[in-house]
Amino acid sequence: MRRLRIAATIVAIGIAFPVLAFAETIFVAVEDKDYTPYYVWIDGQPKGPCVEIAAGAIRHMGAEVEFVRMPWTRVLKFVKTQRVDAGLCGTKTDEREDFSHYPDEPLLNYDATLFVRMDSGLTISDPEALTGKTFALVKGYSYGGIDDGLEMAGMTRVEATGRESMIKLLTLGRVETVLDTTLPFLADARRLGIEDQVRPLLPSLAETPGYLFFSRKPGHDALSNRFSEALTEFKTTPKYLAIKQRYGL
């Protein structure tokens, strides 16, 4: 009889106090190397506008976010194999669309710019002047088809294992140009002490959107759409304006 009373009490408590629902957590893979200022690692935590805009939009849709640090090639692999929910700040390519859902709304835009040594004879980013030249970029990076367009224009692609090795290919004369984004490239050049040895070829080739791109886990098409709507709304808030002002976007 005593057992029945205990059971009845548990059932009654279950009715009076329903189980609390926990917030959805979205796991986002982030490159382990700084892409200053868009994302940088400080004391084991990612900072920067890509991080803050993505986190703000995710929280705006009522979810939580956890960032996971790994090399860029592994970011792509983990999204492709559905081991994370999304990857941070990737451009859209045909290859990536095969294994990713892209929201309609990007986080922000990057420039795609060629850089040369200070003593280079190249002066402008004219396709006719670039035919037969080489350009380096980090393996796995893409600039919304700009890199493919350079190859179609007669340039030769050289893939580097990382950002430092890409810059060294340029400063050592192994390649004639590097394809990168201006702010991260100049930040790395300052850090490596070679800022006075390199310069951009102007004008920049293009502006390319950077997205929070979602894996093709079941239900993530809808998740991508929810995020896109939340991001559009978040971009109308004072929090988003403060992020833009903080990073000079």
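In this predicted model, R96 is buried and yet has no salt bridge. The nearest side chain of opposite charge, that of E95, is 6.5 Å away. Because a salt bridge requires a side-chain nitrogen of Lys or Arg within 4 Å of a carboxyl oxygen of Asp or Glu, a separation of 6.5 Å does not qualify. R96 sits in helix α4, which covers residues 94–97. What surrounds R96, apart from its neighbours within four places in sequence? R96 is in contact with W72, L76, G90, T91, Y102, G140, Y141 and S142.

Other charged side chains do find partners. Side chains of opposite charge can pair when their charged atoms come close. Across the whole structure, the search finds 15 salt bridges. One of the pairs is E105 with K235, with N and O 2.9 Å apart. E105 belongs to the loop between β6 (100–101) and β7 (108–117), and K235 to the loop between α9 (220–234) and α10 (238–247), so this salt bridge ties together parts that are 130 residues apart in sequence. Is E105 buried or partly exposed? E105 has a relative accessibility of 23%, which makes it partly exposed. K235 is likewise partly exposed, with a relative accessible area of 23%.

A further salt bridge joins E176 and K133, whose closest N and O atoms are 3.9 Å apart. This pair, too, links distant parts of the chain, the two residues being 43 residues apart. E176 is in the loop between α7 (163–171) and β10 (177–180), while K133 is in the loop between α5 (127–130) and β8 (134–138). E176 counts as partly exposed at 28% relative accessibility, and K133 is partly exposed at 26%.

The next pair lies within one helix. R191 and D188 form a salt bridge with an N to O distance of 3.3 Å. Where do R191 and D188 lie? Both are in helix α8 (residues 182–192), three residues apart, or about one turn of the helix. Their surroundings can be set side by side: R191 is exposed, with a relative accessible area of 52%, whereas D188 counts as buried at 5%. R191 and D188 also belong to a network of salt bridges that includes R163, E164 and D180.

To return to the starting point, R96 is buried without a salt bridge, whereas D188 is buried and has a salt bridge with R191.

How values were computed:
Residues are numbered from 1 along each chain as its sequence is written. This is a predicted model: local features need pLDDT of at least 70, side-chain atom pairs count only at pLDDT 80 or more; totals for chains, interfaces and linings use all residues. Side-chain values use heavy atoms; hydrogens and water are left out. Helices (H or I, at least four residues) and strands (E, at least two) are DSSP runs, numbered from the N terminus. Buried means under 20% relative accessible area, exposed over 50%, partly exposed in between (1.4 Å probe, protein chains only). Lys and Arg count as positive and Asp and Glu as negative; His and the chain ends are not counted. Contact means heavy atoms within 4.5 Å.
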